[in-house]
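Trainee: Could we go through this model together? I would like to see how each label follows from its value.
Mentor: Happy to, so let us bring it up.

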Amino acid sequence: MDPLDFLSDEQLLQFFRCSRTEMSCMEQPHTFLNQLRDHHLIPEKMHKKLIRCRNKEVREKGVYQVLDWVEAERPDSIKVFWNCVFRDHLLLQYPTLRLLRNRLLNGSFTFYEILPKKVEKEEEEEDKKKKGSAEREEEEKKTGRKKRNQKKKSESEEEKPSTSTQSKPSQKRKVQRPKYSSPFSKEEKADIWTWPLLKTQLPVTCGDKEGMLNRDKLAKGERCIVVQGRWFTPSGFEEFGGKKSSKNWKYSIRCRDTTLGKLIQEGHLTSPDFKRRKSAQRALFPSNQSVGSITQSEEDDDDDDDDDDEEDKVEEETEQEREEGEREEQANTAEGGSRKGGSHGGGKKSVFKVTCGAINGMLHKDRFASGSCGKSIRTELCWMTPVDFLTVGSALEDPSWKKDIQWDGKPLSVLIKSKILVIHSLLCKCKLCSPTAKDRHDQDNDDDCFICRSQGSLICCDKCPSSFHQRCHLPNVDATILGDDCPWMCTFCVLRASQSWRYPKQMTYQEALTCRISDHLLECQYLLLCLYHADEDYIFVKDPCINVRNYSSVIKTPVWLDRVVEKLQQNLYQSVQHFVSDVLLIFTNCATFNRDNAEFRGMGKRLKDLFEREFKSTFSIQLQHPTASNSQ
C-alpha cells in the first residue's frame, strides 16, 4: 500500500503549505510543470506563461504562485498532486522532491504542530479598495474618451480640408509585441535566505553541483550539505563540485550567486566555532550515557567569556583569513603553471607522503609555514615541524630539511621551487608562525575530527594527535566534564595503554565470542570507531532503506553502524557474539544486495577484513580461525 494512503488530506495540505518554497527553488522546473499539466492540476494557459520565463528569479516566483493556485483551487486533489510528483523520473531529477518524500516516510515532519492562521481580512479589504479605485479610473477614462471624441468630431466639421490641400500622414500606432519574460510581477527579492520557510535549509551550488544546506548542522560543524541522499562537509562539497583547488569553501559555495562567506558576515548563516577545547579523563565511560546514534546533534557549550573574546577578535581573524586565502591562491596558481610546464609539481594534492631516514609521515600543505614554523608533518605519534621531523629521522652531522626530507624520491625543495609549498615571510603574523606557547600547542592535534573528517568544536587527545567531536567519539564525551585541567585520552589510546594487563594471555576465537559484552565495551567501541573512520563515504553509517531503492524488498534484516551503536548504548547485546553477528550482517547484506556492483561489494569486503583483523588483534586471538559467521 502507498504510504500516502495513511495520511489524511488535511495532513497532506499542511505538508504542501510548508513545502511550497522548497519546490519553487528547484532548478529547471520544466519537467515538474509538465507533470502537473499532464495530470490537469494546472491550467494550460498558466503552464505556457510559466514555461516562457527565462529569468531564474521570476521563474521561481512563478512556480510559487502556481503552487499557491493549486492549494486554493485544487485542495481536493492534494493526494493526486503528491502521487504525481513522487514518480521515479521526477525523484531522480529533483533532489528536493527526494528530501520531501523521505521527510514524509521517516516521520521527521511533524503534523501536530499548529501553524498560525492566515490573515485574510485585511488582504480582502485591500483587494476591494484596489478594485474600487480601478473601476473609478476606468469610468473616468471612458468619460474622458467620450469628451475627446466629441471635440474631435466638432473640430473635423469646422475644418473640412479641400481637395487641393494635402492631408498630413496619420501617425502609426505602436504595436505591442508579445513579451516572453514572465507573467508575474518583478517585485520579489532574490534574498531567499530570508524567507521564513527556508529557516532550516538553503539551496546551494558549487561548480555544476547542487545541494541543500542544513543551517543547524553548519553551525555545529557537521556534514551539512546533502546531494541525492549523500551528506558532505562544506570542504567535501567543494571538492565534489570540482573546486578543491580554491581551498576556501566560504567563497566557492554559493546560494543564488551570493557566497556563503557573505551570508555568514551578514549574519544570515552561522559558521562553526573552530575553537578546540580539552576535557577531563574522569567519567570516560559514564554509565548513564544518553541513548542515540553516533551522529546525534552536538551541544553548544561555549562559555559567555569565550563568546565575548570571540567577538573582540573577529576583525583580526578575518584579516588573517584573507591573508591566508591570498597565499593559498598564489600557491594554487603556481600549481597550475607547474602542471602545464610538466615539472615535478604535486598537482592538486594538498597532502604529501614524506620520509626522512627510517621514519615517514604526511605533510599537510595548509599547515606548512617554514622549516621551524607550522607543525605540518603528521606521524602516528605527533605533529612536527620539518626541522623536528629531520632531527628525529636524520643521522647526518649537518642535515638540511629541504634536501634530506624526501617526497616521492625527490627532496622537499622541489615542492618549494614549484611554489606548491610557500614559505611564509619572517614578518608573518598568522597562527602558524606565532611564537606563543598557546598557538604552538593548538597545532599538536588534528584540525579535523578523526571519525567524520569535518571541522568544528573538537576535543583533543593528550596522548595522540587525534581530535574528535563529542558526538563522534565512543563513548560520547559528556559536556559536564569539559574544562578541567586533567589530561584526556581517546578510546584508541586507552585501549593501547591497557592491552597488556587486560589480556595477559591469549584466548581462542570461541572464547572471545562467549565473553559478556559488559566486560568488553571498550573493545567494541574501539572496533566501531575503526569502522567509522574507514568508511569515508558514510556508506554503512545510515539506514539504507531510506535512500536506497528496493533495499527493504531484497534485504529482510537491514543493519547499519548507527543502529549497532544505538543497541550497544541501550545494553541490548548480551555477549560479544551478538555484537559481532550484527556487524558482520552489515557486510553480508552489502554483498547480497550488490551482487552486480563490484565497487560497493569491494567496499564491504574491505571493511569486513578490517573488522576481523582488528577483532583478532584486540581480543588477542592466538590462532587463525574461520570467520565469525561460520562459527556462530
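**Rings, charges and strands**

Mentor: Let us start with a charge: arginine 223 has its charged end over the ring of tyrosine 538, at 3.9 Å from the ring centre. Keep in mind that this is a predicted model.

Trainee: What makes the distance acceptable for arginine 223 over tyrosine 538?

Mentor: The cut-off is within 6 Å of the ring centre, and arginine 223 is at 3.9 Å from that of tyrosine 538. Lysine 209 also lies over a ring face, that of phenylalanine 240, at 4.9 Å from the centre.

Trainee: How many aromatic pairs are there?

Mentor: The count is 23 aromatic pairs.

Trainee: What is the pair of phenylalanine 468 and tryptophan 488 called, and why?

Mentor: Their ring centres are 6.3 Å apart, and pairing requires centres within 6.5 Å. Their planes stand at 80°, and over 60 counts as edge-to-face, so this pair is edge-to-face. Phenylalanine 468 is in strand β14, while tryptophan 488 is in the loop between β14 and α19, 20 residues apart. Both phenylalanine 468 and tryptophan 488 are buried.

Trainee: And why is the pair of phenylalanine 579 and phenylalanine 611 called tilted?

Mentor: Their centres lie 6.4 Å apart with planes at 55°; that angle is neither under 30 nor over 60, so the pair is tilted. Phenylalanine 579 belongs to helix α25 and phenylalanine 611 to helix α26, so the pair ties together parts 32 residues apart in sequence.

Trainee: How do you know whether phenylalanine 579 is buried or exposed?

Mentor: Buried means under 20% relative accessible area, and phenylalanine 579 has 1%, so phenylalanine 579 counts as buried. Phenylalanine 611, with 3%, is buried too.

Trainee: Is asparagine 476 buried or exposed, and why?

Mentor: Its relative accessible area is 11%, and the cut-off is under 20%, so asparagine 476 is buried. Asparagine 476 lies in the loop between β14 and α19.

Trainee: What does the side chain of asparagine 476 reach?

Mentor: It reaches the backbone oxygen of arginine 471 at 2.9 Å, and the cut-off for a polar contact is within 3.5 Å.

Trainee: Turning to the strands, how do you know that β7 and β8 pair?

Mentor: Pairing needs at least two bridges, and six bridges join β7 to β8, which run antiparallel. Across from valine 354 is glycine 361 in β8.

Trainee: What makes β10 and β12 edge strands?

Mentor: The open sheet has six strands in the order β10-β9-β8-β7-β11-β12, and β10 and β12 each pair on one side only.

Conventions. Residues numbered from 1 in each chain as written. Predicted model: local features only at pLDDT ≥ 70, side-chain atom pairs only at ≥ 80, totals over all residues. Heavy atoms only, no water. Phe/Tyr/Trp six-rings, centres within 6.5 Å; stacked < 30°, edge-to-face > 60°. Helix = DSSP H or I, 4+ residues; strand = E, 2+ residues; numbered from the N terminus. Buried < 20%, exposed > 50% of the residue type's maximum accessible area, 1.4 Å probe, protein only. Lys NZ or Arg CZ within 6 Å of the ring centre and 35° of its normal. Polar contact = N/O pair within 3.5 Å; in protein donor to acceptor, adjacent residues only side chain to side chain.
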